[in-house]
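Biologist: I am new to this structure and would like a close look at a single part of it, the cysteines. Could you take me through them slowly, with the reasoning spelled out?

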Amino acid sequence: MLKKSSIVVAILLILFAIFRVFIVDSCSSKDTEYSEVLSDNNAYVGDKSCVKCHTAEHHQWKQSDHYMSMLPANDSTVKGDFNNVTFTADGITSKFYKKGSKFFINTEGSDGKNHDFEVKYIFGYEPLQQYLVQFPGGRMQVPRVSWDVNKKRWFNQYAGQKIPSHDWLHWTGNAQNWNTMCATCHSTNLHKNYDTKTDTYKTSYSIINVSCESCHGAGQKHLGYINSSDYKSGDKVTGSFMKLGKNSGQLEQINTCAPCHARVSEISPKHIDSKEIMDNYIPQIPDTEYFQADGQVDDEDYIYTSFLQSKMYSKGVKCSNCHNPHSTKLKHIDNQTCVQCHIPKKYDTSKHTFHTAGSKGSLCVNCHMPGKIYMGNDLRHDHSFRVPRPDLSVKYGTPNACSNCHKDKSEKDLATAVVKWFGPNRKYHFADDLIPGSQLDANSEPHLIQLINTKTTPNMIKATAAFYLGSFNTQASLNTLLSCLNHNDAQVRYRALRSLSSFPPNSWIENVGPLLSDKVRAVRIAAADLFVSLPKDQIPSQYTSTFESANKELVSYLRYQTDFSVGNVMLADYYLKIQDYANAESFYLKGLKKDNKINYALLNLSSLYNAVGKNDASLQVLQKALKNDPNNERIYYNLALLYNEMNNTIAAESSFAKAISLKSQNPRVYYNYGLMLNAKKKFKEAEAVLQKGIAINPDTPDLYYALTFVYIQTGNQAKAQQTAFRLKQMDPSNPNYQELFKNLGLQ
């Protein structure tokens with residue numbers, strides 16, 4: 001299920017990457033109708049060339065052809081019922097029928113009316129099959145109604161959601177676009193070839209579906225070598241010019257699988273030949289946007305992020321230890337998979353499981369890899385391999401595997417049962433710190449620092465902690481983030497750089513400069529993104545050339561994302577930083593055309609119009625944002641500042657009050673509102689607002705500074721001195737406060 005977010009993330013979604021590798025040899029030929037020739041196309045030979053030698057594997061793949069990916073729609077590939085049947089879900093009635101040899105769906109279009117749409121391709125095979133419709137501009141769209149292969153019925157993948165026809169999430173919109181969201185993982189050597197100027201695609205691929213070469217690389221060099229005199233004379237080449245050989249290591253396997261079994265942002269169509277995944281992709285971390293607070297999967301299940309949290313990963317387990325790499329099926333049934341490593345007499349027994357042998361509760365997977373249904377009918381398992389923690393469910397509300405079966409029991413009862421079996425103390429797990437750290441409250445910072453400073457914390461979790469630390473503008477957080485810049489894991493360095501944007505440049509410029517030439521492309525891009533905010537004359541001369549190089553990679557990365565709504569906003573943000581207002585406006589508008597609900601873009605566009613003196617346009621944009629989200633305190637705060645600048649103090653005061661009534665946590669709301677009330681001589685109201693702000697943000701010096709002036713205005717010398725004394729304790733050296741301290745006799 002797709003989720004909306006008003007927060008721009010640098011991570012674009014590959015929303016339909018299914019937990020299986022799809023391979024079939026019957027369609028290795030090129031689809032000439034939709035794709036065009038690529039410069040490197042002749043490097044790909046297709047499955048038919050591979051199976052001339054690999055006959056055993058070929059037989060295996062034929063047995064697993066129900067995992068195939070994308071194929072032209074015809075009588076042999078379409079599994080859905082197109083015999084003039086109708087299906088109604090969430091107010092939309094769709095009809096499925098054939099006209100000659102072609103397949104059609106009559107359903108709601110982008111104008112809110114039903115139209116006939118021809119099915120060009122099938123997409124997937126089991127447990128569901130989707131259908132692709134071709135639109136102008138080279139776009140391929142995925143209808144929300146899919147075919148349940150096992151139950152032989154039509155169903156709505158997102159049951160219960162009524163999506164307006166003009167919405168980003170509608171099947172005709174950007175969120176359900178094959179070129180952007182699905183294609184890379186379901187065809188071989190795919191290039192989306194998006195033109196941002198015309199908003200069109202010329203998407204191409206070498207092989208229509210996932211082939212041998214999707215994992216093993218282009219086969220032409222391999223075939224040439226096998227047929228060469230070098231090979232015949234015994235001059236062997238390791239790997240024989242192929243990727244992912246039979247005895248490949250853990251990281252090679254994981255990084256081959258990860259691009260499709262992870263929620264990632266692809267950096268560039270031009271891949272670097274590298275063993276480091278972040279040279280070509282930026283994987284999602286387990287933050288609370290897509291995961292539970294403890295790191296368990298919540299939204300679409302992408303294995304990579306979960307697995308890198310696990311003890312299995314830390315012990316060297318790789319994908320092929322459990323899964324057949326060609327069929328993706330488990331090599332052994334039920335607990336036999338786990339007892340390859342775990343002693344059966346110790347773990348595959350009721351003394352360990354506390355459940356009867358042969359029951360669901362006795363299966364390792366049900367306790368340590370709880371499953372969740374995605375895409376309407378597809379069960380996938382969490383690969384973080386964790387011990388159930390009902391006690392954390394009691395304390396924080398996070399889910400646990402026990403509750404999946406014992407729905408009649410309270411979390412407290414389940415926690416009590418665990419204590420009865422294993423005693424009162426639980427072995428430490430990073431979730432003990434990650435959960436309170438993710439709450440981003442006054443108690444979070446020490447937990448996050450603890451995660452980063454603990455050697456046994458998985459690097460994926462350290463990266464998540466670094467991400468959260470960006471919310472704490474303290475010296476302790478700054479010092480910890482700066483230390484992360486030297487970490488050997490690229491994800492940790494990358495997330496630390498992203499979080500440093502919350503801190504003033506003079507606190508990080510010397511530490512970040514060397515990372516402009518980091519060995520990993522994603523890290524260089526993040527470092528460049530920080531340096532972009534600096535005036536050119538403030539960039540140290542020793543970093544001028546490395547910044548220029550990294551900045552080119554940054555711009556290339558951002559431009560590559562512009563087929564996606566958020567990608568346009570990211571590029572617009574870049575142009576806003578460098579004060580290229582024309583390009584910034586253009587890309588904000590392009591992003592909003594794809595998704596008019598992105599309030600982050602509306603807020604930034606409003607700020608842009610304000611910066612160029614177009615306050616009327618700025619106001620209109622904020623009013624659009626308010627229609628999207630009438631209970632967003634940030635919008636009211638921005639409205640208050642704008643109204644005040646436009647000399648509409650009545651509307652400004654009303655907007656400030658609304659922001660506070662919505663429980664804003666932003667200290668600037670209280671600071672600016674307090675000063676406005678003070679200027680209007682509403683001293684009691686000003687005092688109350690500033691004291692409320694201090695109660696929420698007790699470590700914000702500006703609030704004490706403003707409150708001191710309120711007391712001075714009312715002649716309350718004692719309270720003025722008391723408040724100023726607290727300010728001096730917090731920030732004694734600030735030059736802006738020295739005159740105040742002097743006048744109140746505090747020097």
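Modeller: A residue is called buried when its relative accessible area is under 20%, exposed when that area is over 50%, and partly exposed in between. Cys322, with a relative accessible area of 21%, is therefore partly exposed. Please keep in mind that this is a predicted model.

Let me begin with the bonded pair. A disulfide is a covalent bond between the sulfur atoms of two cysteines, and the rule applied here asks for two cysteine sulfur atoms within 2.5 Å. By this rule the count comes to 1 disulfide, and the bond in question joins Cys185 to Cys260, with a distance of 2.4 Å from S to S. The two partners come from distant parts of the chain, 75 residues apart: Cys185 belongs to the loop between helix H3 (178-181) and strand E10 (194-195), while Cys260 sits in the loop between helix H7 (250-257) and strand E12 (264-266). The torsion about the S-S bond of Cys185 and Cys260 is about -105°, so this disulfide is left-handed.

The surroundings of the two partners can be described in the terms already introduced. Cys185 has a relative accessible area of 6% and is therefore buried, whereas Cys260, because its relative accessible area is 23%, counts as partly exposed.

Next come cysteines outside that bond. Cys215 takes part in no disulfide, and the nearest cysteine sulfur, which belongs to Cys257, is 6.4 Å away. With a relative accessible area of 23%, Cys215 is partly exposed. Why is Cys322 not bonded to Cys338? The sulfur of Cys338 is the closest cysteine sulfur to that of Cys322, but the two are 7.0 Å apart, which is too far for a bond.

If you then wish to look beyond the cysteines, the salt bridges offer another set of contacts between side chains, and the structure holds 18 of them. One of these brings together Arg380 and Asp378, at 3.2 Å from N to O. Arg380 is buried, because its relative accessible area is 1%, and Asp378 is likewise buried, with a relative accessible area of 1%. Another salt bridge is formed by Glu653 with Lys680, whose closest N and O atoms are 2.8 Å apart. This pair, too, links distant parts of the chain, 27 residues apart, with Glu653 in helix H30 (residues 649-661) and Lys680 in the loop between helix H31 (667-679) and helix H32 (683-696).

Key. Residues numbered from 1 in each chain as written. Predicted model: local features only at pLDDT ≥ 70, side-chain atom pairs only at ≥ 80, totals over all residues. Heavy atoms only, no water. Helix = DSSP H or I, 4+ residues; strand = E, 2+ residues; numbered from the N terminus. Buried < 20%, exposed > 50% of the residue type's maximum accessible area, 1.4 Å probe, protein only. Salt bridge = Lys/Arg side-chain N within 4 Å of Asp/Glu carboxyl O.
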